[in-house]
Amino acid sequence: MAGLKCGSNSKAFSLLEVIIMVGILSTGIVIILQALSLSAGVTGLSCDIIKAAFLTEDKIQELEFKEKRCLVTVGEESGKIDKFNWNYKIDSAGQGLKLYKLDFEVSWQRAGRQEGLGVSTYLMPQNP
């Protein structure tokens, strides 16, 4: 009868080695999935910031067009485009100056938090 040899030169994995290997692999997979989740969240936030910046630029260009036609008036205006709320306020910058201060803000909700972007600049209507 042939007997089973339990020597140290066996080429198979032991149960302990398999359990350790599965633990190491699962830890690595969890770390990779968390990194992917974080990068997806950061990418979404950066897309929102880019859209808010384009919205801000678009609205400021509208005001610059009005300024060139001498239609700038002191006051406030607000609105909503998609998930972005925007508002601006135009104030006179000084006595006797044809200079206006523009404060523009864009805000939106992301992952239950309020995010926002603000810009301040000056407008000077051109003479007709």
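The exercises below, each with a worked solution, concern a predicted model of a protein chain.

**Exercise 1. Overall layout**

Determine which helices and strands the protein chain has and in what order they follow one another.

*Solution.* Begin by counting the elements, which gives one helix and four strands. Next, read them along the sequence, where the pattern is α-β-β-β-β. Then turn to the surface of the protein chain, whose accessible area comes to about 10000 Å², with 60% of that belonging to carbon and sulfur atoms. Finally, consider burial and contacts: 18% of the 128 residues count as buried, and, among contacts between residues at least 6 apart in sequence, 42% join residues at least 24 apart.

**Exercise 2. The largest nonpolar core**

Identify which residues of the largest nonpolar core touch the most other members, and which elements give two or more residues to this core.

*Solution.* The core has 14 residues, and those touching the most other members are Tyr88, Ile90, Leu102 and Val106. The elements that supply two or more residues are α1, β2 (84-92) and β3 (100-110), and β3 gives the most, with five residues. As a last step, list the neighbours of valine 106: leaving aside residues up to four places away in sequence, Val106 touches Ala52, Leu55, Thr56, Phe84, Asn85, Trp86, Glu115, Gly116 and Leu117.

**Exercise 3. Two charged residues in the helix**

Decide whether lysine 59 is buried or exposed, and do likewise for aspartate 48.

*Solution.* Start with lysine 59, which is placed in helix α1. Its relative accessible area is 12%, and because buried means under 20%, lysine 59 is buried. Residues up to four places away in sequence not being counted, lysine 59 touches Ile81, Trp86 and Phe104.

Aspartate 48 also lies in helix α1, and its relative accessibility of 4% falls under the 20% limit, so aspartate 48 counts as buried. The side chain of aspartate 48 makes a polar contact with the side chain of lysine 83, at 3.0 Å. With residues up to four places away in sequence again set aside, aspartate 48 touches Lys83, Phe84, Trp108 and Arg110.

**Exercise 4. A nonpolar surface patch**

Find which residues make the nonpolar surface patch of about 490 Å², and establish whether phenylalanine 13 is buried or exposed.

*Solution.* The patch is made by Phe13, Val18, Met21, Val22 and Leu25. Of these residues, take phenylalanine 13, which is found in the segment before α1 (15-68). Since its relative accessible area is 64% and exposed means over 50%, phenylalanine 13 is exposed.

Notes
Residues are numbered from 1 along each chain as its sequence is written. This is a predicted model: local features need pLDDT of at least 70, side-chain atom pairs count only at pLDDT 80 or more; totals for chains, interfaces and linings use all residues. Side-chain values use heavy atoms; hydrogens and water are left out. Patches are made of residues with over 30% relative accessible area and no salt bridge: like charges are joined within 9 Å, nonpolar side chains (Val, Leu, Ile, Met, Phe, Trp, Tyr) within 5 Å. Accessible areas come from the Shrake-Rupley method with a 1.4 Å probe; for residues, only the protein chains shown count as cover. A salt bridge is a side-chain nitrogen of Lys or Arg within 4 Å of a carboxyl oxygen of Asp or Glu. Buried means under 20% relative accessible area, exposed over 50%, partly exposed in between (1.4 Å probe, protein chains only). Contact means heavy atoms within 4.5 Å. A nonpolar core is a set of buried Ala, Val, Leu, Ile, Met, Phe, Trp, Tyr and Cys residues joined through side-chain atoms within 4.5 Å. A polar contact is a pair of N or O atoms within 3.5 Å; within protein, one must be able to donate a hydrogen and the other to accept it, and residues adjacent in sequence count only if both atoms are side-chain atoms.
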